[in-house]
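Reader: I'm new to this one and keep tripping over the labels. Could you show it to me and explain how each label is earned?

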Amino acid sequence: MINRIRELLSGIEDNERKKKDEQIIYTLLEKGYFPGLDGIPVIKSAISHIDGEKGLLTYRGYPVQELAENCTYEDICYLLVHGELPSYEKWAELRKKLLQYKEIDKNVGRVILEMDRKLHPMYMLSAGVLLLQANDPECFEVDHYYNSSKRALRLIAALPGIIGIFLNREIDFTNGKEFDSFAQYCLYVFNQEYALDEFWVDIFEKILILHADHTMNNSTFSVRAVASSKASIYASIVSAINSLSGPLHGGANERVIYMLEEIGSIDNVENYINDKLAKKEKIMGIGHRIYKTYDPRSLYLKNEILPMIFGSGKKIDSSLYELYKIAEKIEEIVLEKFSGKGLYPNVDFWSGLALKAMGIEPAYFTTIFAMGRIMGWVAHWVEHMEIKNRIFWPEQLYNGLDTRHLPAEREEEITVSREAAAND
Ligand code: COA
């Protein structure tokens, strides 16, 4: 059988694809199914690409580091949705539109203010995005591309406002204010003083760009799965926000900082890691499904962004330097211990330190991931509207009981006990 499979695969010219297909067949033969859909292609997409062996991530063909180095949020938004970088006119038009669409309807704002402060910001964001649907009754006509892409833009523009109203307790938070760029507005939501400093705006914008898209990860898969039922863009994006909140996905960035704080000192790192491994628990911010080498976004944060921040001479809390050193020590031990296993610090491992340096609360870190990733989610939603759709419905292997029937005496027992209860 193996030889027959090899013969069939020999017709595939792309060696990388051939290797992956071989792996899929071996997994199927060995396990009978694909836990976590690992390695299973579910869609064709032209938006982003990862080469996990080489540590390469591209958006529409461009390496993510080049984009982070040279582009703006608006460039990436246009590139992901339309496939090419914008002309100056298109870029300026998009910037104007994003800033124009940023205002949040007062009815929505009122509900956001009513939400319990204890609600996690990601859950608040998920509820807030659904509220936007009330002003968009036509959103259910998902097949109209023009309407969809316009709606998609409004959704990207609304995200910071929802977070800003909740965080700053101000219904008019987004209204009537002028900004030079969308990234500046995004940072303004979290730190109004730093949003006036180009140094911080530039770093914040780079972080948003690094998070903008990442192939068929769990949240983007949620977008496509929900979109495949022809549900509205709001339903799709909210499913992605909820997926992103999980600790195995975007929620890791918040937890990395808690982990560094819990470790407290460089001297405790080794024991902490050994203890986690002994308990078979995951170390937050380590590992990746696709990368078998250093994630390029993570490398960019480590080699470019963090040295820029910690070497800038800007005012930074001394306790944050300590957390930075703890993170470096974890990295050293992880690279040493797991070098054969392909486990490296991922993007969430380093991003929290940069966000904390901007005075942002860890509970809000994943909302910033969402502010960047919404560009990718929306691009995937628009792309999905253009393909010949089939509803996502993967197979399950049923391992429950054989068909069985209720015993005849059960009905009698129920009648007796109901009568007894009624006479009580
Ligand atoms: N700490 C310790 N061991 C880890 C690990 C981590 N963070 N991540 C993976 N591993 C080990 C697993 O224990 C497993 O070992 P085994 O083969 O001996 O059982 C192996 O590496 C494969 O891990 P698995 O969980 O099956 O990989 P996955 O592809 O299903 O999951 C992640 C990928 C990202 C979910 C996983 O690495 C993880 O949970 N990381 C921590 C959370 C995180 O940082 N998430 C953000 C991702 S950007």
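Reader: How do the residues of the shell around the ligand divide into nonpolar, polar and charged?

Author: There are seven nonpolar, five polar and four charged residues in that shell. The sorting goes like this: Ala, Val, Leu, Ile, Met, Phe, Trp, Tyr, Cys and Pro count as nonpolar, Asp, Glu, Lys and Arg as charged, and the others, Gly among them, as polar. Before we go on, this is a predicted model, where local features need pLDDT of at least 70, side-chain atom pairs count only at pLDDT 80 or more, and totals for chains, interfaces and linings use all residues. Residues are numbered from 1 along each chain as its sequence is written, and side-chain values use heavy atoms, with hydrogens and water left out.

Reader: Which residues around the ligand come nearest?

Author: Lys282, Ile283, Gly285, Ile286 and Arg289, out of 16 around the ligand. To be near, a residue needs a heavy atom within 4 Å of the molecule.

Reader: What makes the pairing of Gly285 with the ligand a polar contact?

Author: A polar contact is a pair of N or O atoms within 3.5 Å (within protein, one must be able to donate a hydrogen and the other to accept it, and residues adjacent in sequence count only if both atoms are side-chain atoms). A polar backbone atom of Gly285 sits 2.8 Å from a ligand oxygen, so the pair meets the cut-off. Lys341 offers a side-chain N or O atom 2.9 Å from an oxygen of the ligand, and a backbone N or O atom of Leu248 is 3.1 Å from a ligand nitrogen. On its own the ligand exposes 860 Å², and the protein buries 66% of that; such areas come from the Shrake-Rupley method with a 1.4 Å probe, and for residues only the protein chains shown count as cover.

Reader: Why is Lys315 called exposed?

Author: Exposed means over 50% relative accessible area, buried under 20%, and partly exposed in between (1.4 Å probe, protein chains only). Lys315 has 71% relative accessibility, so it counts as exposed. You'll find Lys315 in the loop between α15 and α16.

Reader: And why does Arg95 count as buried?

Author: Its relative accessibility is 16%, so Arg95 counts as buried. Arg95 belongs to helix α5, and its side chain reaches the backbone oxygen of Asp180 at 3.1 Å. Helices (H or I, at least four residues) and strands (E, at least two) are DSSP runs, numbered from the N terminus.

Reader: How do you know that the buried residues of α2 are on the same side?

Author: The buried ones are Asp21, Ile24 and Thr27. They cover an arc of only 120 degrees around the axis, which puts them on the same side of α2; the arc is taken from the directions from the helix axis to the C-beta atoms. The face turned away from the buried side carries the exposed residues Asn15, Lys19 and Glu30.

Reader: What caps the N-terminal end of α2?

Author: Asp14 does, with a side-chain oxygen 3.0 Å from the backbone nitrogen of Glu16. Just after α2, Gly32 has a positive phi of about 85 degrees.

Reader: What is the phi of Leu37, positive or negative?

Author: Positive, about 55 degrees, although Leu37 is not a glycine. Most residues other than glycine have a negative phi. Leu37 sits in the loop between α2 and β1 and, at 33% relative accessibility, counts as partly exposed. Lys230 also has a positive phi, near 70 degrees, without being a glycine.
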